[in-house]
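Please prepare a short briefing on how the two chains of this model are arranged and how they meet.

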There are 2 protein chains.
Amino acid sequence: MGEETRQRIIEAGAELVHRQGFNNTGLKDILKASGVPKGSFYFYFANKEAFGIELIEHYGAGFRALVQPIMQNPGLSPLARLRAVFDIAHAAFAAQGYARGCPIGNLAQEMGDLSEPFRTSLGEALDRMTGFFAALLAQAREAGEVPADLDAEEAAVFLVSAWHGAIIRMKITKDGAPLRTFMTQTFDRLLHP
Amino acid sequence: MGEETRQRIIEAGAELVHRQGFNNTGLKDILKASGVPKGSFYFYFANKEAFGIELIEHYGAGFRALVQPIMQNPGLSPLARLRAVFDIAHAAFAAQGYARGCPIGNLAQEMGDLSEPFRTSLGEALDRMTGFFAALLAQAREAGEVPADLDAEEAAVFLVSAWHGAIIRMKITKDGAPLRTFMTQTFDRLLHP
């Protein structure tokens with residue numbers, strides 16, 4: 001029962017913050033969307049900042065759930081998996097009108113300078129995301145699908161950045177063009193063996 | 001006199017919004033920082049949104065002023081200019097502790113979904129920025145400094161995205177590592193002839 005309420009607050013807050021930003025989302029909005037009184041909120045979370053930190057883990061879990069079918073598909077090569085991860089994320093953005101963007105990238109931009117606890121947690125989330133891509137790139141290198149001298153770690157940092165930037169531009173163009181450019185430049189140029 | 005006051009409001013607001021975001025900056029903060037009464041603000045700007053739109057042009061002018069010495073240096077090749085633009089931006093970020101980031105990229109992330117006038121103006125600013133890089137890349141291609149089959153427009157879109165994403169990560173790592181990775185992957189891989 002308690003865990004259910006807590007989860008309901010997180011899900012309602014995650015939706016609002018993803019849509020309109022953290023500072024732009026009032027506690028009042030979160031309470032209204034989750035249908036809990038203020039006292040309940042403070043039973044589960046020390047303050048709005050602590051709540052925001054928990055959203056980072058929630059968003060990370062969402063990303064892992066999204067890519068799990070790809071990672072468990074034995075028919076895909078490492079490079080095909082990498083491509084499929086971006087394709088499925090693209091499809092998810094298309095389904096919401098190319099709005100919102102990456103919730104982790106958004107918070108990094110918004111909160112990186114404003115809150116040390118946010119900065120620490122977002123750094124961990126970005127490192128995990130980068131590690132995920134670095135592992136795929138190292139496997140693709142083993143399989144001879146990308147240049148043999150590719151630095152998987154460095155390339156992963158670059159890909160995560162380029163993807164986050166492409167998503168920012170997608171929020172402006174409101175179409176998939178920046179994401180398609182990301183795919184072409186990444187797969188036909190950067191990672192081309 | 002009037003133009004001076006207007007400029008003072010823009011400069012004070014540009015500083016605040018760059019540091020802490022648009023929605024997170026109240027009109028009250030802008031009035032306090034610029035030392036003008038509320039009536040003065042509304043004499044020059046219809047509302048806070050209209051004021052924010054003007055900041056975009058102000059930030060664009062700041063970028064042009066930053067890169068002007070590079071573009072007017074006849075001793076630099078097109079590719080050397082491209083590199084110098086990123087180097088000078090890196091130095092500017094380093095000087096402010098790797099905080100704040102690109103004011104245009106920040107607003108695109110924050111306001112792209114929330115305001116149609118912001119979205120339109122930010123789209124124009126991103127297109128101008130991309131055009132600037134596309135022209136440099138086309139010149140570098142003429143000079144044989146980048147691959148002969150490089151699509152300068154597409155590569156420019158990708159570079160602007162990758163740079164914006166690298167800056168987001170810089171706000172988290174609070175060091176130059178993501179920017180250095182951008183440079184290595186861009187100049188040693190992507191643009192390597």
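The points below cover the symmetry, the interface and one helix pair.

This is a predicted model, in which local features need pLDDT of at least 70 and side-chain atom pairs count only at pLDDT 80 or more, while totals for chains, interfaces and linings use all residues. Residues are numbered from 1 along each chain as its sequence is written, chains are lettered from A in the order in which they are written, and side-chain values use heavy atoms, with hydrogens and water left out.

**Symmetry**
- A turn of 180° with a shift of 0.0 Å along the axis lays chain B on chain A with an RMSD of 0.0 Å (least-squares superposition on C-alpha atoms of residues with pLDDT of at least 70 in both), which is the relation of a two-fold axis.
- B:Ala162 is the residue of chain B that comes closest to the rotation axis, its C-alpha lying at 1.8 Å.

**Interface**
- In chain B, 46 residues are in contact (heavy atoms within 4.5 Å) with 46 residues of chain A.
- Because 100% of the interface residues of chain B are also interface residues in chain A, the copies meet through the same surface.
- About 4,000 Å² is buried between the chains, with carbon and sulfur atoms giving 56%; buried area is the accessible area (1.4 Å probe) lost on putting two parts together, summed over both.
- B:Gln109, B:Arg169 and B:Ile172 supply 20% of the area that chain B buries against chain A, more than any other three residues.
- Six salt bridges (Lys or Arg side-chain nitrogen within 4 Å of an Asp or Glu carboxyl oxygen) are found across the interface.
- A salt bridge joins the side chains of A:Lys174 and B:Asp113, at 2.6 Å from N to O.

**Helix pair**
- In chain B, helices H4 (residues 48-71) and H7 (residues 116-142), which are DSSP runs of H or I with at least four residues, pack at about 10° with axes 9 Å apart; axes are lines fitted to C-alpha atoms over the stretch in contact, and angles run from 0 to 180 degrees between N-to-C directions.
- H4(B) and H7(B) are therefore roughly parallel (under 35 degrees).

Definitions and conventions. Helices (H or I, at least four residues) and strands (E, at least two) are DSSP runs, numbered from the N terminus. Angles under 35 degrees count as roughly parallel, over 145 as roughly antiparallel, 65 to 115 as roughly perpendicular and the rest as oblique.
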